[in-house]
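Visitor: I would like a close look at one part of this model, chain A, and at how its partner meets it. Please take me through it step by step.

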Amino acid sequence: MSTAASPPDRRHPTAPADGPAVHDPAAAGRSDATGPLLSVRNLTVRFRRQGEEDFVAVDDVSFDVRAGQTVGLVGESGCGKSVTSLAIMGLLPKRGNTVTGRVDFEGIDLLSLSPRQLRDRRGRDIAMIFQDPLSSLNPVVPIGVQVSEVIERHVGLSRAKARPQARELLSKVGIPDPDRRLSEYPHQLSGGMRQRALIAMALACRPRLLIADEPTTALDVTIQAQILALLKELVQDSGTALVMITHDLGVVAGLCDRVNVLYGGRIVERADRHELFATPRHPYTNGLLASIPRLDAPRGQRLSPVPGSVADNIPWDHACAFAPRCDRPVAACREVTPELVTDEAAPSAPGGLPRALRCHHPVEPGQESR
Amino acid sequence: MARYIVRRLIQMVGVVLVLSVLLFAWLRSLPGGPVSALLGERATPETRAALEAELGLDQPLWMQYVKFLSRAASGNFGPSTGVLPGTDALKIFLDRLPATIELSLFAMIIAVALAIPLGYLAARRRGSALDTSSIVVSLIGVAVPVFFLAFLLKYVFAIELHWLPVSGRQSGGLDATRVTGFFVLDGLITREWDAALDALAHLVLPAVALATIPFAVIFRITRASVLEVLDEDYVRTAEAKGLTNRVIRGRHVLRNAMLPVVTTIGLQIGALLAGAVLTERVFSFGGIGEALALSFEQRDYAVLQVLILAAAAIYVLVNLIVDVLYAVIDPRVRTR
């Protein structure tokens, strides 16, 4: 059943009217002028387990990404955000899982494509960058070849003709001395350089959608900021839409137009970035916001982390999966599965999915624990 | 790199020297000896003493060794006493070396050409019928003794079915021209196609027998290594780039998976020498493996010393080549 279409039985207060910034709709290529570039509907991923019930890693997830937009998928490790991205890319293992729902990219359901058709789109229309730049690069192949092979594959250029483009890309992502770097190997580059090289590979064919799976987690804090700034600049310049997968709301604040907060494989809150930060409604979102260290906090004030961790198998049956960790549970939270309820009064999403919340006892404005 | 190779070659000389001392002492501590082998157990003490003096075996051990070493330094390893009495031991080794190289090379080609593709496929289709049956075959490959397999192949394909020759390197009736000592190569160089084909036919059975263990080991290492590489993040990156299967297989999976396989192939080339002793004996192949067996039976000290020291040198040399090759494949080793 479609959660997106479920009728609103609870009205949310109106949030600041600040629609998602569409940087350059014209850059969306073949994308429909009005429809979203990527439309994920009821995406569910189950992993088969021997002698046990299937593990539902992603449960009925729906979200939209419009051309040029940056959308965040936020949550802790194990909440299903990475599995969501791999399912969109068709990169989940061939066996041992079932994926249902729809992933429409420019009107075509990616889940219905053959491996070959999907292969033609990957790296050209949709690209992805991963968490750990060292392990994501082939250790025995020069950086230049790893960049130019994408161009060779999708543009059909020869190695010799693709090389100047690879050099251009490396310099565009801020790698100094790109001529030398082309013939170097991953172990000869610093962590930040490696992630820049991966970004160059991802953007080589000017994809219309880029999925970044925690691209800064493995990097030093100073490098993190540089890489985020670079990503922001590149997607704005090229009009590439970005799906940012992160556990870090700081990253969301600096980058995303729309945010989907995931918990236990389900979306628990969906909002415009400004709304989310101004009036977090889900206790989990609220907790995540409260756990961000603040420079303006009084000295000696302790950080307030969200207690506990995502359980191995999160029970959404007849309960809210977050209830055991929630600071404001009511009786219903342990008896009734909360539905994702949309707030159609929120003017946040022209053409996209409206603000939505999955909670029996949401945080009221003014009650935020910060 | 050049300095590294020189250092390794000096190490090799050290290894061979130390081994020569041990070998010299060990051979002479064995029961029997060239005198008993030549004269039999019933010879009179006088004739035994005379022969011992002639062979220099009456002298103290350390003096025999010093003499051996000083002559060996100028390439003289002494005459054979048993295999081909009177013939220079080094000449026996050099005459028989091409046969063993030809056989080992052929066996290694068979092993590698089968093991690597099969190992890759088995890993890619883990748990499939192909995977399971390959594992069983490779298990049998290591478990069945080489000499048994050699006899079995000879019996079935040569003696019963007459498909392939029973023994030797070339059929007696052929008057083939000798150039290099590698019979197949000789046939190709001189355009004596029938001789080349005949030599090849003689190679098949011993090479297959010799290839089983290297095949089994290389197959297992390839399979395990490919399985490991398939789980690597960079293979996922390559998939995310939408690269073709061919590029992912060659550039991203096999190139990385080959690193442990190359080491294994090197070690197996060394192990081939051991297998050659048995295989060459069964097929009377006329290589150094067969010579080693013969000279051992006859306690031919001179020939044994040359063969074993040469085998050790080859083993070290092959591993040096493997290490150099490793640096060529893996850039991380190069800069270290």
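Guide: What follows goes through the sheets, domains and core of chain A, then turns to chain B and the contact. Keep in mind that this is a predicted model.

Start with the domains. The assignment for chain A gives two entries: domain 1 covers 19-125 + 208-293 + 311-370, and domain 2 covers 136-206. Their C-alpha centres lie 29 Å apart. Domain 1 of chain A puts 14 residues in contact with 14 residues of domain 2 of chain A. On the domain 1 side, helix α8 (residues 221-238) of chain A gives the most, with seven residues. By class, that side has nine nonpolar, three polar and two charged residues.

Now the sheets. One is an open sheet of eight strands in chain A, with mixed pairing. Its order is β6-β7-β8-β3-β9-β10-β12-β11. The edges are β6 (126-129) and β11 (341-343) of chain A, and each pairs on one side only. On average, neighbouring strands of this sheet are turned by 20° against each other, direction ignored.

Look inside that sheet at one pair. Strand β9 (residues 258-263) and strand β10 (residues 266-272) of chain A run antiparallel, joined by six bridges. Within this pair, L262(A) has I267(A) in β10(A) as its bridge partner.

Another open sheet in chain A has four strands, in the order β2-β1-β4-β5. Here the pairing is antiparallel. The edge strands are β2 (55-65) and β5 (108-109) of chain A, each pairing on one side only. Strand β4 (residues 97-105) of chain A meets β5(A) through two bridges, and the two run antiparallel. In this stretch, D104(A) stands opposite D109(A) of β5(A). As background, strands of a sheet pair through backbone hydrogen bonds, either parallel or antiparallel.

Return to the eight-stranded sheet for a loop. E214(A) sits in the loop between β7 (209-213) and α8 of chain A. The residue is not a glycine, yet its phi is positive, about 45°. Is E214(A) buried or exposed? E214(A) counts as buried, because it has 20 C-beta neighbours inside 10 Å. The helix that follows this loop, α8(A), is the one that gives seven residues to the domain 1 side of the domain contact.

Next, the core. The largest nonpolar core has 94 residues. Those with the most contacts inside it are V147(A), A197(A) and A200(A). Helix α7 (residues 191-203) of chain A supplies the largest share, eight residues. Take A197(A) as a case. Its neighbours within four places in sequence are left aside here. A197(A) is then in contact with L137(A), I143(A), V147(A), L170(A), I175(A) and L189(A). So V147(A) appears both as a contact of A197(A) and among the residues with the most contacts in this core, in keeping with a broad trend: in soluble globular proteins, nonpolar side chains tend to be buried together.

A second, separate core has 65 residues. It includes A123(B), F215(B), V253(B) and L278(B). That leads to the partner chain.

Chain B has 14 helices and zero strands. Its C-alpha atoms fill a box of roughly 85 × 55 × 40 Å, taken along the principal axes. Of its 336 residues, 35% count as buried. Consider the contacts in chain B with a separation of 6 or more: residues 24 or more positions apart account for 70% of them.

Chain B also has a non-glycine residue with positive phi. R191(B) has a phi of about 60°. R191(B) lies in the loop between α8 (183-189) and α9 (193-230) of chain B. With 9 C-beta neighbours inside 10 Å, R191(B) counts as exposed.

Finally, the contact between the chains. Chain A gives 27 residues and chain B gives 21 residues. On the chain B side, the elements giving two or more residues are α10 (233-240), α11 (245-282) and α14 (331-335) of chain B. The largest share, six residues, comes from α10(B). The chain B side divides into six nonpolar, six polar and nine charged residues.

Conventions. Residues numbered from 1 in each chain as written. Chains lettered and ligands numbered in written order. Predicted model: local features only at pLDDT ≥ 70, side-chain atom pairs only at ≥ 80, totals over all residues. Contact = placed C-beta atoms within 7 Å. Nonpolar A, V, L, I, M, F, W, Y, C, P; charged D, E, K, R; others polar. Pairing = 2+ DSSP bridges. Core = buried A, V, L, I, M, F, W, Y, C linked by C-beta atoms within 7 Å. Buried ≥ 20, exposed ≤ 12 C-beta atoms within 10 Å, placed from the backbone. Axes fitted to C-alpha atoms, helices over the stretch in contact; angles between N-to-C directions. Domains from an automatic or database assignment.
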